[in-house]
Amino acid sequence: MTELTFEYWNKLAEQTITISSFLGGFSIAVIANLIVSDLNTRLSKTILSASTLAASFFLITVFAMTNLLMKTTNGHPFKVVENDLLLPRIVGVISFYLGIISLITMISLAGWTKSKKMGRFTTIVGILTLTLIMIMTT
């Protein structure tokens, strides 16, 4: 297997930070809207939980990838070996995918607040979206 360069990890971390920041902010906005709303159903609590998980996982991703970004940037004050990048990579990737799954869960559940027909539609769209994201990121 070919080892990836520090430059590649640096660019990948930079892109992942941007995406995770945007998606985490979106998730936090949903949390804020749900908290101030009068909804207190089991479904709204589940959506709030999924949104909270998404925001948390994306925040973890941002900090893990920032660690990776700093360690792979020219001028880092300490010597970095490939093994130093293992933990931030694992934590960053796992939390990124868990954030995506939580976000898509939230999207899939949102339609059920309106009707069965809309719930089925958003669930199908969510499953299709998750499938395509997983295919495109492998």
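Are phenylalanine 58 and phenylalanine 96 buried or exposed? In this predicted model, phenylalanine 58 is buried, and phenylalanine 96 is buried as well. For phenylalanine 96 the relative accessibility is 14%, and because buried means under 20% relative accessible area, phenylalanine 96 counts as buried.

**Aromatic contacts**

Three aromatic pairs turn up in a search of the whole structure. One of them joins phenylalanine 58 and phenylalanine 96 in an edge-to-face arrangement, with 6.2 Å centre to centre and 70° between the planes. Phenylalanine 58 belongs to helix 2 (residues 42-71) and phenylalanine 96 to helix 3 (residues 86-110), so this pair ties together parts that are 38 residues apart in sequence.

Phenylalanine 96 also pairs with tyrosine 97, again edge-to-face, at 6.0 Å centre to centre and with 70° between the planes. Tyrosine 97 has a relative accessibility of 22% and therefore counts as partly exposed. Phe58, Phe96 and Tyr97 form one aromatic cluster.

**Pockets**

Two of the cluster residues, Phe96 and Tyr97, are also found in the lining of the largest pocket. The volumes and lining classes of this pocket and of the second largest one are set out below.

| Pocket | Volume | Nonpolar residues | Polar residues | Charged residues |
|---|---|---|---|---|
| Largest | about 210 Å³ | six | four | none |
| Second largest | about 160 Å³ | two | six | three |

Beside Phe96 and Tyr97, the largest pocket is lined by Leu12, Gln15, Thr16, Ile19, Met65, Gly92, Val93 and Thr137. Helix 1 (6-36) and helix 3 each supply at least two residues of this lining. No charged residue takes part in the lining of the largest pocket.

Which residues line the second largest pocket? The lining consists of Phe6, Glu7, Asn10, Lys11, Lys71, Thr72, Thr73, Asn74, Gly75, His76 and Val80. Helix 1 contributes four residues to the lining of the second largest pocket, the most of any element. Three residues of this lining are charged: Glu, Lys and Arg are among the types that count as charged, and the lining includes Glu7, Lys11 and Lys71.

**Summary**

Phenylalanine 96 takes part in an edge-to-face pair with phenylalanine 58 and in another with tyrosine 97. Phenylalanine 96 is buried, yet Phe96 is listed in the lining of the largest pocket. Helix 1 supplies residues to the lining of the largest pocket and also to that of the second largest pocket.

Methods: Residues are numbered from 1 along each chain as its sequence is written. This is a predicted model: local features need pLDDT of at least 70, side-chain atom pairs count only at pLDDT 80 or more; totals for chains, interfaces and linings use all residues. Side-chain values use heavy atoms; hydrogens and water are left out. Rings of Phe, Tyr and Trp (its six-membered ring) pair if their centres lie within 6.5 Å; planes under 30 degrees apart count as stacked, over 60 as edge-to-face and the rest as tilted. Buried means under 20% relative accessible area, exposed over 50%, partly exposed in between (1.4 Å probe, protein chains only). On a 1 Å grid over the protein atoms alone, a cavity is a set of points where a 1.4 Å probe fits but cannot get out, and a pocket is an open set with protein on both sides within 12 Å along at least five of seven lines; lining residues have an atom within 4 Å of a point. Grid points are joined across faces, edges and corners, and a volume is the space filled by probe spheres set on the points.
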